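Welcome! Please take a moment to look over the chain shown here before reading on.

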Amino acid sequence: MSRRDRSFLSEVVFAKSDYGSIVQTNYPGAHDQDYRARVKSLISESEQAWPQLPAYHYTEEEHATWELVSEVLIRLQNRYSCKAYLDGRDALNLPTSRIPQLDEVSATMEETTGFMLAPVGGLLDKAEFLPMLSQRVMRCTPYLRHPSYPFFTPEPDILHELRGHAPMFMHQPFVDLSVGIGEAAAAAVEAGNDDLLDTIGLFYWYTVEYGLIKEDGEIKVFGAGSNGGIQDLLRAMDPTVEKRPFSLDAIRSLSIDYDAPQELFFVAESYEQVTEIAEQLMKLA
Ligand SMILES: [Fe+2]
């Protein structure tokens, strides 16, 4: 499969602000002017090359943060992550000692399942982000979390994107699920159905981002938020952190706090249950 044509991306939203998305936060990165300037420069570089992917030049310190987090995550994932994630991780085979280029990772994904990466300048609104999944596009931040606290980031960063999300896009059933979520979200936006879009956003958060799944009688990590973050993964497996069985009714009235570590996780019975609920949402759209 050859590389995909990226020209249709020239019309899509790139960023909400020139510094990531979450400016009011206790996270140390928000108060470090040098860090903010670095994030801004990687975002500007991405925007100038848009819709192509630039060759990013990461610093030694950034590569070191990537390596530290990657080594710890891989050990935790070996024990706690679901099979689909581990298979995708092995197939994608990201380097541990350096931050890979988005372009090289996208090339592997495009060749395997047709999903592609496109940079983004921070968290977008769900009405902008989710419908793009229907076009098999994963928006992806190019910058790294703050080096003083590599264990957690309230911002999406390249570790979250590539260690959390990207391996799942090597897995065809997950690609089909993502395309379905994207189509349902696009239909909800088109119809101006904000309630349905909210429900789809919550479904995405409590499955694709923070979902747990039963596998051979054990609870395993499925979501990218947990697979792509040390603190998130440990919380997901911490027996003192609340877990509930997944259902649409259980998540419908909840809200999302992007800034705080996850207080509550939902456990899906199986991959089929997640897919069936996604199909129900598609029928509502
Ligand atoms: Fe994410």
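What follows is a short tour, from the whole chain to one helix and then the core.

This is a predicted model, in which local features need pLDDT of at least 70 and side-chain atom pairs count only at pLDDT 80 or more, while totals for chains, interfaces and linings use all residues. Residues are numbered from 1 along each chain as its sequence is written.

The chain has 12 helices and 6 strands (DSSP runs, H or I of at least four residues for helices and E of at least two for strands, numbered from the N terminus). Buried residues, those with 20 or more other C-beta atoms within 10 Å of their own C-beta, placed from the backbone, make up 41% of the 285 residues.

Now to helix α2, which covers residues 60-80 and reaches 30 Å from its first C-alpha to its last. Its buried residues fall within an arc of 95 degrees seen down the axis, so they line one face of the helix (the arc is that of the directions from the helix axis to the C-beta atoms). The table sorts residues of α2, with exposed meaning 12 or fewer such C-beta atoms within 10 Å.

| Side of α2 | Residues |
|---|---|
| Buried | Glu62, Thr65, Trp66, Val69, Leu73, Gln77, Tyr80 |
| Exposed, turned away from the buried side | Glu60, Glu71, Arg75, Asn78, Arg79 |

Finally, the largest nonpolar core (buried Ala, Val, Leu, Ile, Met, Phe, Trp, Tyr and Cys residues joined through C-beta atoms within 7 Å) has 68 residues, and Leu117 and Phe169 are among those touching the most other members. Helix α7 (residues 172-191) gives the largest share of this core, 8 residues.

Conventions
The expected span of a helix is 1.5 Å times one less than its number of residues.
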